Number of protein chains: 4
Amino acid sequence: MARETAASALVVDVGDGLFTIPVRTYFQDTDAGGVVYHARYLDFFERCRMEWLRHLGIECRTLASKDGVLFIVRSLEIEYAKPARLDDALVIGLRVEVVGGAQMVVRQQVARDDDILATGRVHLACVAAEGLRPARMPPHLRERISAWLPSATLPERP
Amino acid sequence: MARETAASALVVDVGDGLFTIPVRTYFQDTDAGGVVYHARYLDFFERCRMEWLRHLGIECRTLASKDGVLFIVRSLEIEYAKPARLDDALVIGLRVEVVGGAQMVVRQQVARDDDILATGRVHLACVAAEGLRPARMPPHLRERISAWLPSATLPERP
Amino acid sequence: MARETAASALVVDVGDGLFTIPVRTYFQDTDAGGVVYHARYLDFFERCRMEWLRHLGIECRTLASKDGVLFIVRSLEIEYAKPARLDDALVIGLRVEVVGGAQMVVRQQVARDDDILATGRVHLACVAAEGLRPARMPPHLRERISAWLPSATLPERP
Amino acid sequence: MARETAASALVVDVGDGLFTIPVRTYFQDTDAGGVVYHARYLDFFERCRMEWLRHLGIECRTLASKDGVLFIVRSLEIEYAKPARLDDALVIGLRVEVVGGAQMVVRQQVARDDDILATGRVHLACVAAEGLRPARMPPHLRERISAWLPSATLPERP
């Protein structure tokens with residue numbers, strides 16, 4: 001029973017090249033300013049990236065142990081438009097922008113209902129799990145990720 | 001669409017007086033020992049308590065703004081039996097043990113499949129949102145919480 | 001005694017317009033990849049900004065209660081060059097780049113010995129503590145901050 | 001220069017068998033209740049334990065790579081007496097209570113000036129860095145830790 005419940009939480013909304021997961025905010029996410037602490041958005045982004053990979057059939061744990069690689073953040077930028085607050089039901093989104101041999105760039109966002117609260121872009125590098133040197137993505141990984149490129153399916157996603 | 005997706009994540013498994021929520025572990029939850037960092041379990045516990053309150057129709061945000069109270073942790077104890085790891089599908093549980101006029105005690109646990117990874121007990125105090133002095137729980141709050149006491153006979157919790 | 005000890009931790013190294021604080025890394029800062037988790041750098045940046053303000057005689061708590069304003073992050077970018085690891089003695093730095101009526105931009109960095117591990121730029125907005133709408137910086141605040149602009153000629157910063 | 005600055009931050013106050021480190025609170029440590037988030041105290045405790053080990057000449061990184069062991073938290077309890085707030089200068093303390101062949105128990109506390117804000121007890125197990133099975137402490141480690149036992153130096157610390 002518990003297992004089904006856990007599985008059912010991994011509900012995602014995939015439409016129009018946008019992969020999303022729901023995230024609820026708790027006291028742990030907020031700060032004394034009464035809003036969600038700004039660094040916490042990066043945590044939300046990471047949850048979304050990992051659920052997206054899982055949606056593609058890729059577990060980071062397995063990626064490290066079987067393929068010997070993992071993704072690390074090379075750089076990121078984020079813009080905060082409106083604050084998220086305690087008890088908010090957020091939707092964290094991801095779109096693939098660029099896929100290279102050993103890296104990719106994704107655009108991410110935090111939304112609440114029809115409001116976009118924050119947008120970001122994250123540059124990820126594929127590295128060897130041991131030593132963290134740049135490593136080419138295993139073909140099965142690159143293939144599945146590339147299917148999410150806007151050019152792959154859609155002529156004009158901005 | 002996004003709203004429904006968010007709502008569907010708040011799936012819980014209520015049976016036998018145990019309220020549970022699913023939690024997935026990400027890099028943000030782990031440490032260099034390769035396991036989930038021990039303090040993070042308290043975050044998981046808090047998520048479960050807040051979802052349980054929401055399940056009872058209580059939002060902490062509203063509790064503070066309308067009733068002028070909030071819960072703070074007075075004390076807690078936790079025992080770690082087995083480590084949680086990256087990519088684990090955990091189930092966080094809660095049972096009510098004691099309910100008083102201005103406090104309550106809940107038992108909490110972290111499970112993975114049939115393994116109980118950690119168990120804890122959290123003593124919460126109801127306090128005024130301004131000043132944090134002890135405050136009696138509003139009757140509507142105490143009533144809903146008390147219904148979860150093991151001694152309470154509950155023929156039809158959904 | 002305790003008070004002196006606490007005070008002595010607020011040792012900073014101010015030279016060449018670069019304000020720095022030391023930060024040690026613990027298990028809580030690392031992830032299962034064996035390195036410091038990427039979002040944690042934003043926490044280090046925030047610690048540095050708050051110690052810099054304190055160095056200028058400004059406490060955020062007082063700023064909110066007396067002047068009714070606080071700073072929020074409007075946007076930020078960060079580039080990760082080399083990973084920080086467990087037990088690292090890091091030095092977090094800050095330089096002021098732009099100061100406006102209701103905002104400022106600072107450059108920040110994470111260093112270990114002579115290595116720059118990460119560099120970032122943080123755009124901060126001054127907002128009303130209630131409601132978070134843009135607010136002009138109190139003159140005493142803007143003055144002290146502006147003294148750190150590179151164009152400002154400062155014969156004797158203490 | 002940066003190195004000296006970093007080193008000078010590791011100032012500790014050792015007296016009467018109590019090892020302490022200073023910790024400042026930032027927005028990242030607080031929550032929307034306006035106080036330091038309860039789980040964050042465990043982070044403060046961990047910082048104190050690691051600085052205490054470092055004070056004994058032990059780095060966790062080296063302990064794992066050379067001796068092949070690390071400490072994990074087996075259980076803990078914490079009592080919160082008064083809330084810590086933004087910008088507080090806290091002093092985190094540690095006393096050794098029990099040292100066994102593969103475990104130890106420490107008492108920890110959070111103080112602000114003459115107020116004890118929280119007290120806790122943490123039971124730590126020494127485990128193999130690979131596999132996390134219980135492992136005997138290396139003699140050099142146990143010896144240095146045991147020197148901090150109250151019986152070692154002081155007849156009646158409570």
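The paragraphs below describe the fold of one chain, the relation between two copies, the nonpolar cores and one helix of a predicted model.

Chain A is a good place to start. Its secondary structure comprises five helices and six strands, and from the N terminus the order of these elements is α-β-β-α-α-β-β-β-β-α-α. Of its 158 residues, 46% count as buried. Among the contacts in chain A with a separation of 6 or more, 65% join residues 24 or more positions apart.

Turning to the assembly, two copies of a chain are related by a rotation about an axis and a shift along it. For chains B and C, a rotation of 180° with 0.0 Å of shift along the axis places chain C on chain B, with an RMSD of 0.0 Å. This is the relation of a two-fold axis. Within chain C, the residue that comes closest to the rotation axis is C:D31, whose C-alpha lies at 1.9 Å. The contact itself draws 10 residues from chain C and 10 residues from chain B. On the side of chain C that touches chain B, five of the residues are nonpolar, four are polar and one is charged. Because 100% of the interface residues of chain C are also interface residues in chain B, the copies meet through the same surface.

The interior comes next. In soluble globular proteins, nonpolar side chains tend to be buried together. Here the largest nonpolar core holds 97 residues, of which A:I92, A:V110, C:I92 and C:V110 touch the most other members. Helix α2 of chain A (residues 40-55) gives this core its largest share, eight residues. A second, separate core contains 96 residues, including B:L94, C:L86, D:V69 and D:L90. Back in the largest core, the surroundings of C:V110 can be spelled out: with neighbours within four places in sequence left aside, C:V110 is in contact with C:Y41, C:F44, C:A84, C:L90, C:I92, C:L117 and C:A118.

Helix α2 of chain B (residues 40-55) offers a friendly check on geometry. At 1.5 Å a residue, its 16 residues should span 22 Å, and the end C-alpha atoms are 23 Å apart, which agrees. The helix is mostly covered, with 12 of its 16 residues buried. Charged and aromatic side chains both appear in the buried set, among them B:R40, B:D43, B:E46, B:R49 and B:E51 as well as B:Y41, B:F44, B:F45 and B:W52. After α2(B) comes B:G57, which has a positive phi near 90°.

Technical notes: Residues numbered from 1 in each chain as written. Chains lettered and ligands numbered in written order. Predicted model: local features only at pLDDT ≥ 70, side-chain atom pairs only at ≥ 80, totals over all residues. Helix = DSSP H or I, 4+ residues; strand = E, 2+ residues; numbered from the N terminus. Buried ≥ 20, exposed ≤ 12 C-beta atoms within 10 Å, placed from the backbone. Contact = placed C-beta atoms within 7 Å. Least-squares fit on C-alpha atoms with pLDDT ≥ 70 in both. Core = buried A, V, L, I, M, F, W, Y, C linked by C-beta atoms within 7 Å. Expected span 1.5 Å × (residues − 1).
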